[in-house]
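Colleague: I would like to go through the terms used for this model and hear what each one rests on. Please give the cut-off each time.

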Amino acid sequence: MTLVALEDVEKSVLLADDSRLEILKGISLSVGAGDHVSIVGRSGSGKSTLLNILGMLDEPTTGTVSFEGREVRKMRSGRLDRVRGDNVGFVFQQFNLLPGRTALDNVMMPLGHAKGRMFWNRRQIAADMLERVGLGHRIEQIADRLSGGEQQRVAIARALVRKPVLILADEPTGALDIETGASVMSLLDEVATETDAALVTITHDLHVAARARRHYRLDAGRLEEADLRRAFEASTLSAPVPPEPATASPAPAVLPPLPAANGVGA
Ligand SMILES: Nc1ncnc2c1ncn2[C@@H]1O[C@H](COP(=O)(O)OP(=O)(O)OP(=O)(O)O)[C@@H](O)[C@H]1O
Ligand SMILES: [Mg+2]
């Protein structure tokens, strides 16, 4: 079943000097239940703009966006807020946590509009989700006093706590070390599989992108299918050859990070 569909979407904005910046050009994309899509692309290529449109937080300039077959532009704002709140879990690139509130308050927030058991048990459900992202011991900490990686995990717990059918994650591992990033990605996959949700991940990390089933690249506002195998090869070729070590060093326990110039642009 198609959850969200973009048809011929363009997005442009008017700049201060009256010129128009075309951010997205002719984008058509359908995301269905259980789908796992990754999008890579250079900084400034329009990835966050595209994710905001998929999550119905922003409108295209032209083209249509439909959610479960209904055109988003035709929904009244109250209804749109409800559809979004009930169905979409957003991991924002800048986290967007409520400052001055605890990790638990932040994760409980989406459950404040839930019904029945989810509403009445919201404290326990939020605490359990924080436990799953490895922050069970930090639930009462004020969000802005947490480290960047901890804040990112609070943002992920908040996105997942209401079991949304559409999970949109903008660089969900950007602030995390490789091991924590891998476990957070496993959690996103796991929760998405549990509920047959769709997961759209934006990332600069080819290892993260490779976890998805469908791979796309945004290039100057155009969306195209990405050949991750070629991107991996290009990143290996562009990596500097390390100097011969004087003594043999033990093999790393985890996969080393890709170099910044990993073929998708950083
Ligand atoms: N409201 C706006 N007004 C002016 N320019 C905008 C606006 N929104 C986005 N842009 C510009 O559009 C381009 C794409 O922005 P976007 O945030 O989607 O990029 P991105 O691919 O997510 O980049 P990054 O990888 O750095 O997060 C950028 O050059 C940005 O400055
Ligand atoms: Mg972005």
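Colleague: Why does Arg214 count as partly exposed?

Modeller: Arg214 has 14 C-beta neighbours inside 10 Å. A residue is buried if 20 or more other C-beta atoms, placed from the backbone, lie within 10 Å of its own, exposed if 12 or fewer, and partly exposed in between. The value of 14 falls in between, so Arg214 is partly exposed. This is a predicted model, in which local features need pLDDT of at least 70 and side-chain atom pairs count only at pLDDT 80 or more, while totals for chains, interfaces and linings use all residues. Residues are numbered from 1 along each chain as its sequence is written, and chains are lettered from A and ligands numbered from 1 in the order in which they are written.

Colleague: Where is Arg214 found, and which residues does Arg214 touch?

Modeller: Arg214 is part of strand β9; strands (E, at least two residues) and helices (H or I, at least four) are DSSP runs numbered from the N terminus. Leaving aside residues up to four places away in sequence, Arg214 touches Asp35 and Val37, contact being C-beta atoms within 7 Å. In the pairing of β3 with β9, Val37 stands opposite Arg214.

Colleague: What makes β3 and β9 a pair?

Modeller: Five bridges join β3 to β9 (residues 214–219), and the two run parallel. Two bridges found by DSSP are the minimum for a pair, so five are enough. Strand β3 is also joined by four bridges to β8 (residues 198–202), again in parallel, and there Val37 stands opposite Val200.

Colleague: How do you know that β3 is mostly covered?

Modeller: Strand β3 spans residues 36–41, and six of its six residues are buried. His36, Ser38 and Val40 point one way, whereas Val37, Ile39 and Gly41 point the other way. In a regular strand the side chains alternate between the two faces of the sheet.

Colleague: What makes β6 and β10 edge strands?

Modeller: The six strands of this open sheet come in the order β6-β7-β8-β3-β9-β10, with mixed pairing. β6 (88–91) and β10 (222–225) each pair on one side only. Neighbouring strands here are turned by 20° against each other on average, direction ignored. Helix α6 (residues 148–160) packs on the sheet and touches β6 and β7 (166–170); the direction of α6 makes about 175° with that of β6. At the other end of the order, β9 and β10 pair in the antiparallel sense over four bridges, with Asp219 opposite Arg222 in β10.

Colleague: Why are the buried residues of α5 said to be on the same side?

Modeller: In α5 (residues 122–132) the buried residues are Arg122, Ile125, Ala126, Met129 and Leu130. They cover an arc of only 135° around the axis, which puts them on the same side of α5. The arc is taken from the directions running from the helix axis to the C-beta atoms. These residues pack against α3 (103–108), α4 (116–120) and α6.

Colleague: Phe95 and Asp196: why is one called buried and the other exposed?

Modeller: Phe95 is buried because 21 other C-beta atoms lie within 10 Å, which meets the limit of 20 or more. Asp196 has 12, and 12 or fewer means exposed. Phe95 lies in the loop between β6 and α3, and Asp196 in the loop between α7 (178–195) and β8.

Colleague: What is the phi of Phe95 and of Asp196?

Modeller: Phi is positive at Phe95, about 70°, and also at Asp196, near 55°. Neither Phe95 nor Asp196 is a glycine. Most residues other than glycine have a negative phi.

Colleague: What makes up the shell around ligand 1, by class?

Modeller: The shell has three nonpolar, eight polar and one charged residues. Asp, Glu, Lys and Arg count as charged, Ala, Val, Leu, Ile, Met, Phe, Trp, Tyr, Cys and Pro as nonpolar, and the others, Gly among them, as polar. The residues around ligand 1 include Val13, Leu21, Gly44, Lys47 and Gln93; to be listed, a residue needs its C-beta atom within 6 Å of the molecule. The largest share, three residues, comes from α1. Two of the residues around the ligand, Val13 and Leu21, also stand opposite each other, Leu21 being in β2.

Conventions
Axes fitted to C-alpha atoms, helices over the stretch in contact; angles between N-to-C directions. Contact = placed C-beta atoms within 7 Å.
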